[in-house]
Amino acid sequence: MRKPAKLRLLAALFLAFSLLAAACGDDDDTAEGTTDDTTEDTTDDTTEDGGDDGGEVGELSGAKGTTPAPETTPEVEDFQSRMDTYAEENGIDLAGTYAYGPESYDSTMIIALAAAVAGDDGSAHAAEIVNVTKDGEKCTTYADCLALVEAGTDIDYDGVSGATDMSGNGEPLVGSYAIQVYGDDNRLDPEQETFKSVEAGEEFKALPVDPVTAERAGDGVLKIGTLLPETGNLAFLGPPEIAGVQMAVAEINEAGGFNGQDVQLVEGDSGDTTTDTAVQTVTRELGENVDAIIGAASSSVSAS
């Protein structure tokens, strides 16, 4: 018996959900099978003496914290500059953060490239989500990757957020984060910021690609939904994530879109775990026949 359309679509969407859900930080446990090459203390000793300028040392001086972020390479700086411009032109207040913007951007690109490889916006594209992220010729833009796909070349999309390689079950194999340090003025000191990466264990790298069991025909128009925090306790993450998706869709369409047509975007609020906003959003977007959903920023919301 065939699954109801909504259940089939949910199955097809699972990999897209995992792109951001696996990267988010509201779960306390470290993923099993991951390794990190360093262990950082959370705080440094502070003194009551004045700083370099002879002023008073703040209470937070030397305190450390982490945030998900790719290393600030020239490519990342260029992306942030483009995001600033896009946000200003489209009335999006980034509030000084790019958190998860690169990941949202890359998630959109991966979905579109998977559909291009499959030649289908239906459930068949889910089988290509993992494949377009590794074991092919590297490419970094939708236009360049699409040219390779059209030439019959296997691709390995490397995104703004770094290597996007995934295990067979759709989990990222490499993640990066910034270690931020407070200066004497009780503000984060960019000069002390460093970057670290964490890589999955060999057993995860060797996982075979999960088979797609859903059966859903495409209609030739790739439609992407979002499940991103416009309200709730993670609403501060919404603007860069929303901007990242919108930027990617705009660039995809400038490069020809999917199947010769523009990719369509259906946006929705995820809220947080105190509401059923996410369920309402997903139900609405499934009713609008979206082919994939990007989100949520919270693993708990994605699980719900």
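This is a short dialogue on reading a predicted model.

Me: Start with strand β8. How many of its residues are buried?

Reply: Burial is read from relative accessible area, with buried meaning under 20%. Five of the five residues of β8 (residues 223-227) are buried, so by that cut-off the strand is mostly covered.

Me: Which residues lie on each side of β8?

Reply: Take the two faces separately. Lys-223, Gly-225 and Leu-227 are on one side. Ile-224 and Thr-226 are on the other. Both faces are covered.

Me: Which strands pair with β8, and in what sense?

Reply: Look at the bridges. β9 (residues 264-266) pairs with β8 in the parallel sense, over three bridges. Ile-224 stands opposite Leu-265 in β9. The route from β8 to β9 goes through helix α6 (residues 238-254), and this β-α-β crossover is right-handed. β10 (residues 292-295) also runs parallel to β8, joined by four bridges. There, Thr-226 stands opposite Ile-294.

Me: What does the length of helix α3 tell me?

Reply: Compare the expected span with the end-to-end distance. α3 (residues 101-118) has 18 residues, which at 1.5 Å a residue should span 26 Å. Its end C-alpha atoms are 26 Å apart, so the two values agree.

Me: Is α3 enclosed or open, and what follows α3?

Reply: Count buried residues again. In α3, 16 of the 18 are buried, so the helix is largely enclosed by the rest of the structure. Next comes Gly-119, with a positive phi near 65°.

Me: Now a loop residue. Where is Pro-70, and is it buried or exposed?

Reply: Place the residue, then check its accessibility. Pro-70 is in the loop between β2 (64-68) and α2 (74-89). Its relative accessibility is 12%, so Pro-70 counts as buried.

Me: What does Pro-70 contact?

Reply: Set aside neighbours within four places in sequence. Pro-70 is then in contact with Val-76, Pro-102, Glu-103, Val-160, Ser-161, Ser-176 and Phe-195. Sequence separation is worth checking too. Pro-70 and Lys-196 are 126 residues apart in sequence, but 8.8 Å apart in space, C-alpha to C-alpha.

Me: Last, a charged residue. What is the nearest side chain of opposite charge to Glu-241?

Reply: Check burial and partner together. Glu-241 is found in helix α6. Glu-241 is buried and has no salt bridge. Arg-284 is the nearest side chain of opposite charge, and it is 14 Å away.

Me: Which residues does Glu-241 touch?

Reply: Leave out residues up to four places away in sequence. Glu-241 touches Ala-99, Tyr-100, Gly-101, Ser-104, Leu-228, Pro-229 and Ala-297.

Methods. Residues are numbered from 1 along each chain as its sequence is written. This is a predicted model: local features need pLDDT of at least 70, side-chain atom pairs count only at pLDDT 80 or more; totals for chains, interfaces and linings use all residues. Side-chain values use heavy atoms; hydrogens and water are left out. Buried means under 20% relative accessible area, exposed over 50%, partly exposed in between (1.4 Å probe, protein chains only). Helices (H or I, at least four residues) and strands (E, at least two) are DSSP runs, numbered from the N terminus. Two strands pair if DSSP finds at least two bridges between them. A crossover is right-handed if, with the strands pointing away from the viewer, the path from the first strand over the helix to the second runs clockwise. The expected span of a helix is 1.5 Å times one less than its number of residues. Contact means heavy atoms within 4.5 Å. Lys and Arg count as positive and Asp and Glu as negative; His and the chain ends are not counted. A salt bridge is a side-chain nitrogen of Lys or Arg within 4 Å of a carboxyl oxygen of Asp or Glu.
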